[in-house]
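Q: I have a chain open here and would like to talk through a few of its residues. Could we begin with a lysine and work outwards from there?

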Amino acid sequence: MSKPQRISVLGAGAWGTALANAIANDARPVTLYGRNAAAMKEIATVRGNPRLPGVTISPHVTPIASLEQAANAEILLLVVPAQSTRALAASLASSLPRGAALIACAKGIEQGTRHFVTEILAEAARAAKYGVLSGPSFALDVARGLPTAVTLAAGDETLAQSLADALRSPAFRVYHSTDVRGVEIGGAAKNVLAIAAGIVVGRKLGASAQAALVTRGFAELARFGHAFGARPETLMGLSGLGDLILSCTSPQSRNYSFGLALGAGEPPSQAAHGKLAEGAFTASVLVDMARAKNIEMPVCEAVADVLAGRLKIDEAIARLLARPTGAEV
């Protein structure tokens, strides 16, 4: 694939707008699609998005509300929740130019099917090429042009490298990989673990407990990744350990903030405060997939049980602390 000139970002929330700004910072034209026509007109007029206060949108970003127009691109970044990815990909399928590449930017697993995001793309838009973008990145940092590094994975080495080259800009470093599954697993599992880390902090259990939780959580992520064919170096990289550290230590993470509210006593129905916490949808699916392969994931199980109302937080903590200790693996 030669370096493409037409790039569309589908989803004009904080992350989609941030990605469009980052890509356009290298003076490349980017189309930013959102389904709310009035909101997109406002973004185009004021050159700002209320979800990114203080950020000026690049003049190279063109906000639109026409999905058909946005589909006319060589690279399309789907910046919608994992549970909405299938519907968007299916709606694009018939309008995509030949050879177009879809890049999933969601970090989750589809409920019901238990499919990873690239599996969804492969089913919903069979003629398209596809990949996944993930890594330690907060929307506000990326939108402001602060240094950020992420990973883009595609099954074909040449495709992965060309897509990474097309999206990177001076402050937005995009590494490439062919370990699609490893990148997807890191993004999905870290959201669940970030909820757990937030609960620990919200419950005021201390920094030592938080560090232990993140470390043992990474062991769970690694076991899960190994069972599903992920490469160890991917899980130790930006889209695995890197994203886990970021998401488990800052209130900018929506999953961590959700956990903080849970730990402070808010019910799951209110703790998200109107924001999307992908880990809340991923937890039960992740645990079910782990159980099917006999993978122990006690921290993720505790999160799933708390969210489902099967355990209270203090009961979940007591259950984790009562687990037998042994060799660290």
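Q: Is Lys107 buried or exposed?

A: Lys107 is buried, with a relative accessible area of 14%, where buried means under 20% relative accessible area, exposed means over 50% and partly exposed is in between, using a 1.4 Å probe and protein chains only. This is a predicted model, in which local features need pLDDT of at least 70 and side-chain atom pairs count only at pLDDT 80 or more, while totals for chains, interfaces and linings use all residues. Residues are numbered from 1 along each chain as its sequence is written, and side-chain values use heavy atoms, with hydrogens and water left out.

Q: OK, and where does Lys107 sit?

A: Lys107 is placed in the loop between β5 (101-104) and α5 (117-124); helices (H or I, at least four residues) and strands (E, at least two) are DSSP runs, numbered from the N terminus.

Q: Which side chain does the side chain of Lys107 join in a polar contact?

A: The partner is Asp243, and the polar contact between the two side chains is 2.7 Å. A polar contact here is a pair of N or O atoms within 3.5 Å; within protein, one must be able to donate a hydrogen and the other to accept it, and residues adjacent in sequence count only if both atoms are side-chain atoms.

Q: What else is Lys107 in contact with?

A: Leaving aside neighbours within four places in sequence, Lys107 is in contact with Ser134, Gly135, Ser137, Gly187, Ala188, Lys190, Asn191, Asp243, Glu278 and Thr282, contact meaning heavy atoms within 4.5 Å.

Q: Ser137 rings a bell; what does Thr148 touch?

A: Not counting residues up to four places away in sequence, Thr148 touches Pro136, Ser137, Val142, Ala171, Phe172 and Arg173. Thr148 belongs to strand β7 (residues 148-153) and is buried, at a relative accessible area of 7%. A polar atom of the Thr148 side chain lies 3.1 Å from the backbone oxygen of Leu146.

Q: And Leu146 itself, what is its relative accessibility?

A: Leu146 has 39% relative accessibility and counts as partly exposed; its place is in the loop between α6 (139-143) and β7. Outside the four places on either side in sequence, Leu146 is in contact with Asp141 and Ala171. The C-alpha atoms of Leu146 and Phe172 are separated by 7.9 Å, although these residues are 26 apart along the chain.

Q: Switching to the helices, how many residues of α15 are buried?

A: Nine of the ten residues of helix α15 (residues 298-307) are buried, so α15 is largely enclosed by the rest of the structure. Among these buried residues are the charged types Glu301 and Asp305, alongside Val299, Cys300 and Ala302.

Q: What covers the buried residues of α15?

A: The cover includes α8 (180-202), α9 (207-227), α13, α14 (278-292) and α16 (313-321). Just after α15, Gly309 takes a positive phi of about 80°.

Q: You mentioned α13; where is Ala271 in relation to that helix?

A: Ala271 is in α13, which covers residues 268-271, and counts as buried at 2% relative accessibility. Beyond its neighbours within four places in sequence, Ala271 is in contact with Phe258, Ala261, Leu262 and Glu266. Its C-alpha atom and that of Ala261, ten residues away along the chain, are separated by 5.2 Å.

Q: Which phi values are there for Lys204 and Asn294?

A: Lys204 has a positive phi of about 60° although it is not a glycine; Lys204 lies in the loop between α8 and α9 and is exposed, with a relative accessible area of 75%. Asn294 also has a positive phi of about 60° without being a glycine; Asn294 lies in the loop between α14 and α15 and is exposed at 74%.

Q: Last topic, the whole chain: how many helices and strands does it have?

A: The protein chain has 16 helices and eight strands. Its radius of gyration, taken over C-alpha atoms, is 19 Å, close to the 20 Å that the globule rule gives for 329 residues, so the chain is as compact as a globular protein of that length; the rule is 2.2 Å times the number of residues to the power 0.38. Buried residues make up 53% of the 329 residues.
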